[in-house]
Amino acid sequence: MYRIEELDALEILDSRGRPTVKAGCRLADGAEAWASVPSGASTGDAEAHELRDGDPARYGGLGCRRAVANVRGPIRQALVGRAFRDQVELDRALLELDGSPDKSRLGANAILAVSLAFARVVARAAGRPLYAHFAAMAGIEPRRLPQLTINLFSGGKHAGGQAAIQDVLVVPVGFGTIDKGLAATYAVYQAAAALIRRKYGMRLLRADEGGLAPDFPDCETMLADAVEAIRAAGFEPGRQVALAVDVAASHFWREGRYHLADEPLTSPEMIDTLAGWLERYPVVSVEDGLAQEDWDHWPVWRRRAGDRALVLGDDFLCTNPDRIRRAVAAHAASALLLKVNQVGTLTEALEALRLARQAGWAVTVSARSGETEDDWLADLAVGWQGDQIKIGSITQSDRLAKYNRLLEIERATGLPVSPA
Ligand code: PGA
Ligand code: ZN
């Protein structure tokens, strides 16, 4: 049993300079730990509610003082002095206290910060690394490290909207270790930066997750430029460095049409476009290729993609067990993008992971576009055995904290990287 002696919280700033929540938990045996929650920009409609102050005079309404006050007030009152057997019991107490279907009463940001701080303090009290604690929580034995998927080019809501799709990512499939995968990615990133300067004649503009964001003439050029950068770095596209795409299609879907370019596309036309990309480029994963409410067409796209690429659901699934169950029954996807703050507690995210695994799906563990220097995501991806991890580019400390933590875990465990 783990008795909570004190809970506290603080408003801190994320990688976009917007407020977010950091919570601390001290156990009766003296162990103490803090954890911070990230925040999205291209959010799904079914996400748990992130509580913001709404005061336009402060951070344009984005302040998190109410969420912090909820940790220091009602959550603290309810939990301090109580002992919990495990994460499930703690998260259940948080859910009961909130009582709303979408965590809007206390705020998913307040709830998740406490859920994570408890996980970290229990790991500390048990004297084991956080990834080992996450693995024990899930009843998993870690055998490999996640494959890196690293943001190279950005568009959509994370950039100036030059191109409709959100991310083109490199997947260093041919290297076997995190260490070598990062070195290869650095070479590709440098080659891409030189190519962008030459082709678009501009200084580097970086998007929210550190991706390069020049004025691409169209979406397919992002893929073609990525392949050119891989070759320029001296690698073989597909065999050594493959690609992944986050289409984030919900964000350019209006009135039943996909506004990918000038001519709006119907759903079958959008599926043809995606299938064409799979034929012409070494793309191993397509995230949110269709809009979150385009349920009828996801199974069609899933069949069309076959085994060529993962049909990965982000906004479509929102790490939400009910949506995942529906998608599994409909054969609407083949992979889950797991973002803990989309659902709001570790226990619910673990349920999402289990549902995906039971269906034989792959799992990509993902950061948000607004991140902090906290590195728990790397431990989570290893402990829960994500097939891939998606953190962003290799340029900002909020992202690098997680890459560097993966390097530490690699050194400590000696585990190999999962095949793509
Ligand atoms: P978000 O985007 O964190 O801004 O929601 C990340 C993604 O779409 O994968
Ligand atoms: Zn996404």
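The following exercises, with worked solutions, concern the two domains, the zinc site and the salt bridges of a predicted model.

Residues are numbered from 1 along each chain as its sequence is written, and chains are lettered from A and ligands numbered from 1 in the order in which they are written. Local features need pLDDT of at least 70, side-chain atom pairs count only at pLDDT 80 or more, and totals for chains, interfaces and linings use all residues, while side-chain values use heavy atoms, with hydrogens and water left out.

**Exercise 1. Describe the contact between domain 1 and domain 2.**

Step 1. Domain 1 covers 2–127 and domain 2 covers 138–413; such bounds come from an automatic or database domain assignment. Their C-alpha centres lie 27 Å apart.

Step 2. Domain 1 brings 33 residues to the contact and domain 2 brings 29 residues, where contact means heavy atoms within 4.5 Å.

Step 3. The two domains bury about 2500 Å² between them, 52% of it on carbon and sulfur atoms. Buried area is the accessible area (1.4 Å probe) that two parts lose on being put together, summed over both. Ser-15, Pro-38 and Ser-42 supply 23% of the area that domain 1 buries against domain 2, more than any other three residues.

**Exercise 2. State how many salt bridges cross the interface of domain 1 and domain 2, and give an example of a salt bridge.**

Step 1. A salt bridge requires a side-chain nitrogen of Lys or Arg within 4 Å of a carboxyl oxygen of Asp or Glu.

Step 2. By this rule, 5 salt bridges cross the interface. The side chains of Arg-120 and Asp-374 form a salt bridge at 2.7 Å, N to O.

Step 3. The whole structure holds 30 salt bridges. Among them is the pair of Asp-8 and Arg-72, with the closest N and O atoms 3.4 Å apart.

**Exercise 3. Which residues coordinate the zinc ion (ligand 2), and how are they spaced?**

Step 1. Donors are N, O and S atoms within 2.8 Å of the metal (3.2 Å for Na, K and Ca); water is not among the atoms, so sites may look incomplete.

Step 2. The zinc ion is coordinated by Asp-246 (OD), Glu-287 (OE) and Asp-314 (OD), at 2.0 to 2.2 Å.

Step 3. Along the chain, these donors follow the spacing D-x40-E-x26-D.
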